[in-house]
Every structure is written in structure tokens, then in C-alpha cells.
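Visitor: I have a model open and would like to learn how to read its features. Could you take me through a few of them?

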Amino acid sequence: MGELPEWSLFRLLRDPGGRGGLDLHLPAHGRGRGLAPALRALLRRPPGSWDLPELPAFGGPLEPEGAVAEAQAACAALLGAERCWFGVNGASGLLQAALLALAPPGARVLLPRNLHRSLLHACVLGGIEPLLFDLPFDPLTGLWLPPTAAHLERVLAAAAPHHPVAVVLLDPTYQGLAADLPTLVALIHAHGGSGLPVLVDQAHGDGAALAAGADLVVLSLQKGGGGLAQSAALLVQGSRIEPARLARSLLWLQTSSPSALLLASSAAALAHGCSDAGMRQRRRAVGRATRLRQRLEGLGFPLVANHDPLRLVLATGPLGIRGTEADGWLLERGVVAELPEPGALTFCLGLAPPAALERRLTQSLLDLRQNLGGPPLPPFAPPPLPLVASPELAVGLAWRSQVQEVPLAQAIGRIAAEPLCPYPPGIPLLIPGERIDAPRAAWLEGQRALWPGQIADTVKVVAPAAGPGMSGR
């Protein structure tokens, strides 16, 4: 009577596993421990009682009146924004709406190489040409690093002849690495005299980009706050972008039946994060994270210096271990990390870190080093890329073209037809429309060896008939 079907989907939701394990992955609420109190109270109500349509008193993200409009206005005031929109399609949907509002069809936008693929999707939907800019690279970990002011100045100079209409920055990165945002935003706003608008993807941040002067900021409230997955917020300030253009883009991309629960999740997470109780909760979590970091560093573990104390990033290369290998070994022993990469492993400690975190993770890492450790891995090689480049064939055209699947070695000179996105989810090593030259093919072959089982030995390329070559600037 009323039993769920015996499908794995329902079994996993009834008992998601991890009981007794160490869950150090997203969402940041730690399987409910760190959810905003107002949201926890709502979830204790009879199931479905909160599943409401856009009733007049409730409204919706694009309605001028109603409870949602009031909550969005209140959250904008709390965060120092002029406008705030809640999203129920994650940061991905709001990034797409923001980019479509910034750039008309045919326009060029400067995007970082470590962009999330949702921005590529926006380029396809809006007929926008991505100008991809390369980033500094850390050979110890294989991670892209945030741009310095000097690096960004070179990027802007190289891109100037192509007249970009906007710049997107990712800050902080998935691993909690952050740039000097006020300086970068000021450079972009001064570029060419009139300046360019700045969209900051802060899916892994807390909205600090607003204080740095960013025009548009997108937050993921399951990554940096106590919200449910898919709850997100778009913040805007200044006169470089008209709110009406944003509302129109949101109308194109957001559902006409938004989840009342996810809208409430956005409001609760933002309000709690700005409250005294929320700040105390974060201070407690940061205190535990700091003590854990100090303990691990005292034991000789190489940790990446970052700007988010709740993201613990282990540089596995110096231990002689690939991050992907370490992740598999730890997973078998109940330690669930968030982000395995060839040279690093990221743990998300969250706003309510698990009980006995310090003791259990320390012992697990000691066992890992003892069992898998060896001579340091060789330095990682950066991708052979120009400072600024655009795909030779429009991203949308390449993605929709007839394709051939060929071994990487035979892909030299061919145009990629699909993005190549190993874990971490959504960050492409190759985007549709790029021409694969010999150095890039060799680098991708090396990446295939570093991502076992996650990069195929073949790549999809555009079938003969379409398009010229990758233009590097």
C-alpha cells in the first residue's frame, strides 16, 4: 500500500548510503545538517503542502507583486544588490539568462577557459561567439589559476580588435581559488574608455563579487549556502545592464511553473547566510576547517592554498597519487569527496561538517598515503592554447553538424563537434568548433591517460564539408 517501486532511484532516495561514512561533497548542507532553519521547518510540514502554483498571493520570480517578489526585494537589500531573481534551474539557468541579456546575436563575449558548459549552451541559444581566454596554470596540481591583473590586461589587449561586448569571470573556482576581483572588475570597467559589463559566476562563492563592483553575479545556493540543489540567485547592480533585458531572458529560459519549495529554499538560504545565526554557523564551520587544515599540514600533507576554508584541496601529485585514484580508494572506505582530478582531490566540508571529521579524515588520509603513496608525480603540462581564441566554426553549427568519430591521433586538423568534459562536471577541455592541431591532440591524448575511463580514445569531429581553422589572437 503506497510502496515505492523497487527501482534503484527510489532505493537510493530512501537510503542514499553513506550512513557511517564521511560525506564531503555537495550540496553543502551535508544531507540536511546545514539547511537553513526556515527551510528545515518547511520540510517538516506534510509532504506536498508546500507544492504550490503561482497563486496571486505567492507570485513568481518575474511577477511584480506577491510573496516571491517581496522575498527577492528583501534578499537584494540584504546582499547590497539593486535587484535579485531566484532561479529553480540552478546557477546554470541563471548564467544562461545573464549571458543572453548581455550579448545580442553575433556579439562576442570574453569567457575564461574554465567556464561552465552552461555558458556554451547560452552561446548556442543566443548565437553568441565565445572569445575564450587562457588562464595561468599550476603544474603541481594541474589546476587553472585565477587571472592576475597583468594577465587580464594582456587578455583585454588581445581581445580589443574583436570588440567583445562583455566579460565573464569565474570566481572563486571549484577549488576555492580566488582572484583580486575589485582590481579585475575595475580594469574591465575602464577598458576602452567606456568599459564593459562584468558577469561573475560565483556558483562556488557567496556574493562578494557585488562589493567588488560586478554588474551581474550568479550564486548557487546548494554550493555556498544552506539551500537545496537547483536553488540559485541572480543579482544585478549598476546601469550597464537593463533589468528589463534580464527579465526577458529569464522568461525565455525559466519554467512557467517554478517550484515553490526551491523558491523558498533560495530565500531561506540567502536570509540565513546574512543573519547573525548564519554567520555564527559559518564561523564555527570555518574554525573546525582551520584546525583540520593545520593538523594535516603538520602531518606533511600538501594542501592547496585557497580562499575558501570550507574547500579542502589535497594536492595528490606530491604524494605520488592521482586524485582520481585517491578518490576511488577513499570511496571504498566510506569517504566521499567532491572533486577528483588528476593532481588534486577536493573535499567540501560544508556549513555543518560531519561529526568527528578531524579524526576520521586525518586517519583516512594517513592510510591513503601509506597504501598508495610513492615518488611525486611529474609536473602537469598546460594545454597548448593561444591567449585569446575563438572557435573557427560557430559553436551551435559545429554541435549540430554531421559528425564522425575518429581516434585522437586522426583528429589533427579536424573540427571538434562536441565538448570534451571529464569530471569536474561541465568544464570543457575542448569545445565544439575548435580545430584540433597536433600539439592539442597530443595534449588531449595525455589527458586521456590522466582521466581513466572518463575520456574516450576517440573524439567526435565535424564531418567533411564544414568550416576553416581555429583563429588564435
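Visitor: Let me start with one residue: is T173 buried or exposed?

Guide: First, some ground rules: this is a predicted model, where local features need pLDDT of at least 70, side-chain atom pairs count only at pLDDT 80 or more, and totals for chains, interfaces and linings use all residues. Residues are numbered from 1 along each chain as its sequence is written, and side-chain values use heavy atoms, with hydrogens and water left out. Buried means under 20% relative accessible area, exposed over 50%, and partly exposed in between (1.4 Å probe, protein chains only). T173 has a relative accessible area of 3%, so T173 is buried.

Visitor: Where is T173 found, and what is T173 in contact with?

Guide: T173 is in the loop between strand 7 and helix 7; helices (H or I, at least four residues) and strands (E, at least two) are DSSP runs, numbered from the N terminus. Contact means heavy atoms within 4.5 Å. Leaving aside neighbours within four places in sequence, T173 touches N114 and H204.

Visitor: How do I read a helix, say helix 3? Which of its residues are buried?

Guide: An α-helix has 3.6 residues a turn, so residues three or four places apart point the same way. In helix 3, the buried residues are V68, A69, Q72, C75 and A76. They cover an arc of only 130 degrees around the axis, so they sit on the same side of helix 3; the arc is that of the directions from the helix axis to the C-beta atoms. These buried residues pack against strand 2 (83-87) and helix 9 (260-274). On the other side of helix 3, E70 and A77 are exposed. Just after helix 3, G80 has a positive phi of about 80 degrees.

Visitor: And empty space inside: how many cavities of 30 Å³ or more are there?

Guide: Rolling a probe the size of a water molecule over the atoms shows where empty space is left. A cavity is a set of points, on a 1 Å grid over the protein atoms alone, where a 1.4 Å probe fits but cannot get out, and lining residues have an atom within 4 Å of a point. The count is two cavities of 30 Å³ or more. The largest holds about 70 Å³, the volume being the space filled by probe spheres set on the points.

Visitor: What lines the second largest cavity?

Guide: Its lining is P112, N114, L115, H116, L119, V168, L169, L170 and D201. Strand 7 gives the largest share, three residues.

How values were computed. On a 1 Å grid over the protein atoms alone, a cavity is a set of points where a 1.4 Å probe fits but cannot get out, and a pocket is an open set with protein on both sides within 12 Å along at least five of seven lines; lining residues have an atom within 4 Å of a point.
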